[in-house]
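Please open the structure in your viewer and keep the sequence panel beside it, since this tour moves from one selection to the next. At each stop, select the residues that are named and compare what you see with the description.

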Amino acid sequence: MAKQIARYVCQSCGAVTTKWSGRCDGCGEWNSIVEETPLSAGPSSKSLGAVRGKKIPLSTLSSKEAPPPRTISGMGELDRVLGGGLVEASAILVGGDPGIGKSTLLLQAAAQFANAGLKVIYASGEEASAQVRMRAQRLGLADAPVMLAAETNLRDILTTLEAEKPDLAIVDSIQTMWADNVDSAPGSVSQVRAAAHELTTFAKRMGTAVVMVGHVTKDGQIAGPRVVEHMVDTVLYFEGERGHQFRILRAVKNRFGPADEIGVFEMTGAGLAEVGNPSALFLSERGAPSPGSVVFAGIEGTRPVLCELQALVAPTPHAQPRRTVVGWDGGRLAMILAVLEARCGIPFAGLDVYLNVAGGMKISEPAADLAVAAALLSAREDTALPAETVVFGEISLSGALRPVSQAENRLKEAQKLGFTAAIAPQGGKISATDGMSLTQMGDLTSFVGDIFGAG
């Protein structure tokens, strides 16, 4: 019998080595490498079981087998992020910071799907059944026809699911599940990978939709190897700032709908409430126009969202000026500052620069470049932009302004909220809507000269 070679796995990034070391070469974490037994080392009698598949030619698939039907929960924001509803036999991974509201969201979703006629099992490895029931009473969901289970043994959970054959199973959380055929502690890379594999296989084999809750690391990524995210069909991140009442459910992967779609919820005493108009929420605390404040018309998934960008430029007492960013990419801010200095002759040396996306919103699209530049210039020149004006556009390294996608949807959303003017790049399929003036700029130099009279 061949001798099994010991392997050592980093519990942070999943890197595998043949010897132990104090520091992982992959991610740089200290004391994160643990010896683990390969999954194939255990005897076959300990396996959780598998069903041999049969080959089916693609040409013989009937129209009844594709596409899979969807179930509408009644929570419009959740259905939007899922791509139009819950798909049967799908595996969904939900991650988020501790205390952000993942369990609350899934308990409310379980009640909604159960009221819609689905058979739902909520398996918690972190709370007792009485604690889950107490939370359900606080949320007003005590009468929901949801079956509860408090268990961490994966074999027992799969046996229960095999017997009950639910339409939806929620496992909270995947890091607490323990597979007895894997010789490592719960929460380790091997355990998380094995548990996710077994639950995903069960979902495909039995036609049950499985939702798994995943913990996140200090960097905000779902804990465990990235292979878990590749296994599942949909990966959702539940985001939010502790100082703000709203939460954002963001799809970063979805095989059944658009990625980067968001759903917005508001945390209340009675649970999570849907926000039908997130733009109004993000702009609700905006006061009179002030220097450094610019409204950006963005797109999140298929939805236009307006938010406020705030900038502050002040002389620095330090030799190295500060560049502080909240809600945007710090590297892109450095690029905008370099373009303003190289192409427009506006230096920021000796000045501290602070940029914040109001309300805790996180922006990733490059269409915010022009709005960021406008906020920086407004703060530097101590000049407020005209009231009721939105800005969007991408800036190239040459200083040219590039058109962005879905410009008309951005303008329609701005007009809906009472904005009457917009500044955008030239080109692209864009036209002014009734009652809204549109100013188009070809490059950053003309924008600086026309709006601020500088450069």
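Begin by selecting strand β1, residues 7–10, together with β2: in this predicted model, the two strands pair in the antiparallel sense over two bridges. Colour Y8 and look across to β2, where T17 stands opposite. Now add β3, and you will have an open sheet of three strands in the order β2-β1-β3, with antiparallel pairing. The edge strands of this sheet are β2 (16–17) and β3 (33–36), each of which pairs on one side only.

Next, select residues 91–96, which make up strand β6, and pick out G96 within this strand. Is G96 buried or exposed? G96 has a relative accessible area of 5%, and because the cut-off for buried is under 20%, G96 counts as buried. Leaving aside residues up to four places away in sequence, G96 touches K102, G214, V216 and F238, so display these four as sticks if you wish to follow the contacts.

The stretch that begins at G96 also appears in a database record: an unreviewed UniProt entry places the feature "binding site" at G96, D97, P98, G99, I100, G101, K102 and S103. From this set, G96 and D97 belong to the lining of the largest pocket.

Move along to G101, which is found in the loop between β6 and α2, the helix at 102–115. G101 counts as buried at 10% relative accessibility, and, with residues up to four places away in sequence again left out, G101 touches F238, M267 and L272. F238 is worth keeping on display here, as F238 appears among the contacts of G96 and among those of G101.

Keep α2 visible and turn to the empty spaces inside the model. How many cavities of 30 Å³ or more does a search of the whole structure find? The search finds five, and the largest cavity has a volume of about 130 Å³. To locate this largest cavity, select L78, L82, L106, A109 and V211, which are the closest to its centre of the 14 residues that line it. The elements that give two or more residues to this lining are α1 (76–82), β6, α2 and β9, and α2 gives the most, with four residues.

From there, go to the end of β9 (168–172), where two neighbouring residues deserve a careful look at the backbone. The peptide bond from D172 to S173 is cis, with omega near 5 degrees. S173 is found in the loop that runs between β9 and α5 (189–206).

Two further backbone stops concern the angle phi. Select A89 in the loop between β5 (86–87) and β6: although A89 is not a glycine, this residue has a positive phi of about 65 degrees, and at 17% relative accessibility A89 counts as buried. Then select D260 in the loop between β12 (246–254) and β13 (262–268). D260 is likewise not a glycine and has a positive phi of about 65 degrees, but at 44% relative accessibility D260 counts as partly exposed.

For the next stop, select strand β15 (residues 293–300) and strand β16 (residues 303–315), which pair in the antiparallel sense over eight bridges. These strands form a hairpin with two residues between them, and G301 in the turn has a positive phi of about 70 degrees. Within the pair, F296 stands opposite C307 in β16. Now add strand β18, residues 351–357, which runs antiparallel to β16 and is joined to β16 by seven bridges. To see one of these pairings, select A311 and find its bridge partner in β18, which is L355.

Finish by returning to C307 and adding C344 to the selection. C307 counts as buried at 3% relative accessibility, and C344 counts as buried at 7%. A disulfide is a covalent bond between the sulfur atoms of two cysteines. How many disulfides are counted in this model? With a cut-off that asks for two cysteine sulfur atoms within 2.5 Å, the count comes to zero.

How values were computed:
Residues are numbered from 1 along each chain as its sequence is written. This is a predicted model: local features need pLDDT of at least 70, side-chain atom pairs count only at pLDDT 80 or more; totals for chains, interfaces and linings use all residues. Side-chain values use heavy atoms; hydrogens and water are left out. UniProt positions are given in the numbering used here, feature names are shortened, and annotations may be inferred rather than shown by experiment. On a 1 Å grid over the protein atoms alone, a cavity is a set of points where a 1.4 Å probe fits but cannot get out, and a pocket is an open set with protein on both sides within 12 Å along at least five of seven lines; lining residues have an atom within 4 Å of a point. Buried means under 20% relative accessible area, exposed over 50%, partly exposed in between (1.4 Å probe, protein chains only). Contact means heavy atoms within 4.5 Å. Two strands pair if DSSP finds at least two bridges between them. Grid points are joined across faces, edges and corners, and a volume is the space filled by probe spheres set on the points.
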